[in-house]
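Reader: Please take me through this structure and justify each term as it is applied.

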Amino acid sequence: RQRQMCIRDRTMSVPVTRVLLPAEELEARIGYQFKNKALLKRALTHRSFAAEHNERLEFLGDSVLNCVIGHALFLRDRHFTEGVLSRVRSNLVCEKALDEIAAQIQIGQFIYLGEGELKTGGADRPSILADACEAVFGAVFLDGGFEEAQQVILRLYEPILSAKAMSSERLAKDHKTLLQEFLQARRLPVPTYRIIKVTGAAHCQHFVCACSVPKAELEELGEGKSRRAAEQEAAGRMLEKVKAKFPYSKKKQ
């Protein structure tokens, strides 16, 4: 069964047609059947489509996801320190990792989107897909409790959590962490970040952020679809600059 949603684009004479798969298909893909089907529908409803949207469920799902992945890492890798656990968890619950989960279950085929989002490619936008995944996790938690949500998350994350998938990229420190550690090792103040500019509509914003190291008289800009992404890009550029300005040299014996 398929559900067809037709939305007329006012700038065109031909309606914009999108086929939504039934929610039961998503239940099969995540391995969980909802007792309260309304929860699942709300988890799949973007704010552009209706007033009753998925943002609160997304908030809840983010908390559940962090707890489940943190616990899984704690049990699986006993040699990890607190700092490593935090870093790896952050790499596993970020938008990029959630986008992998979204692709795995093709969640974009189920999301209710408003006309504006449909016309601007919202059904394929990583941020929307990642948010919907978190909202579904939050909905499972409300519908079946923590253990059910945990099972769903671990089942979907199994390919990512496997030893083979735990690549150096998964374990790597992000640019902001690397920059801070580099500066602290040289007894320089930690960098500061600020937003320079935000452009675009609320559903498709573009951020420009600055990373500054005043003592080194350096500033670099970064751009991205979120503040965090822009700060990370700016930090990466700054790291290259400070490495060139403050090269490491061993003390003479």
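Author: The term to begin with is pLDDT, the predictor's confidence in each residue, on a scale from 0 to 100. The model is a predicted one, so local features are reported only at pLDDT of at least 70 and side-chain atom pairs only at 80 or more, whereas totals for chains, interfaces and linings use all residues. Numbering runs from 1 along each chain as its sequence is written, and side-chain values use heavy atoms, leaving out hydrogens and water.

Reader: Which elements have the lowest and the highest mean pLDDT?

Author: Helices (DSSP runs of H or I, at least four residues) and strands (runs of E, at least two) are numbered from the N terminus. Among these elements, strand β1 (residues 3-8) has the lowest mean pLDDT, 46, and helix α2 (residues 37-43) the highest, 97. Over residues 1-15 the pLDDT is below 50, although this stretch has 39 contacts in the model beyond near neighbours in sequence; a contact means heavy atoms within 4.5 Å. Residues 249-253 also have pLDDT below 50, with zero contacts beyond near neighbours in sequence. Where pLDDT is low, the predicted coordinates should not be read in detail. For the protein, the mean pLDDT is 84, and 85% of residues reach 70 or more.

Reader: How many aromatic pairs are there by the rule used?

Author: The rule pairs rings of Phe, Tyr and Trp (its six-membered ring) if their centres lie within 6.5 Å; planes under 30 degrees apart count as stacked, over 60 as edge-to-face and the rest as tilted. The count comes to two aromatic pairs. In one of them, Y32 and F34 have ring centres 5.1 Å apart and planes at 85 degrees, an edge-to-face arrangement.

Reader: What makes F34 count as buried?

Author: Buried means under 20% relative accessible area, exposed over 50%, and partly exposed in between (1.4 Å probe, protein chains only). F34 has 4% relative accessibility and therefore counts as buried. Y32 is likewise buried, because its value is 6%.

Reader: Why is the pair of F49 and Y112 called tilted?

Author: The ring centres are 5.3 Å apart, within the limit of 6.5 Å. The planes of F49 and Y112 stand at 50 degrees, which is neither under 30 nor over 60, so the pair is tilted. The pair links distant parts of the chain, 63 residues apart: F49 is in the loop between α2 and α3 (55-76), and Y112 in the loop between α5 (95-105) and α6 (115-119). F49 is partly exposed because its relative accessibility is 37%, whereas Y112, at 12%, is buried.

Reader: How do you know that the charged end of K41 sits over the ring of Y112?

Author: The criterion is NZ of Lys or CZ of Arg within 6 Å of the ring centre and within 35 degrees of the ring normal. The charged end of K41 is 5.6 Å from the centre of the Y112 ring. R186 also lies over a ring face, that of F182, at 3.7 Å from the ring centre.

Reader: What makes the contact of R125 with E117 a salt bridge?

Author: A salt bridge requires a side-chain nitrogen of Lys or Arg within 4 Å of a carboxyl oxygen of Asp or Glu. For R125 and E117 the closest N and O atoms are 2.6 Å apart, and the pair therefore qualifies. R125 is buried, because its relative accessible area is 9%, and E117 is buried at 2%. The whole structure holds 12 salt bridges.

Reader: Why is R47, in its salt bridge with E55, called exposed?

Author: The relative accessible area of R47 is 53%, which is over 50%, so R47 is exposed. E55, at 32%, is partly exposed. Their closest N and O atoms are 3.1 Å apart.

Reader: How far apart are R237 and E233 along helix α11?

Author: They are four residues apart, about one turn of α11 (residues 227-245). R237 and E233 form a salt bridge with closest N and O atoms 3.2 Å apart. A network of salt bridges links K176, R227 and E231.

Reader: What covers the buried residues of α11?

Author: The buried residues of α11 include A230, L239 and V242. Their cover includes α10 (175-185), β3 (192-199), β4 (206-213) and β5 (218-224).
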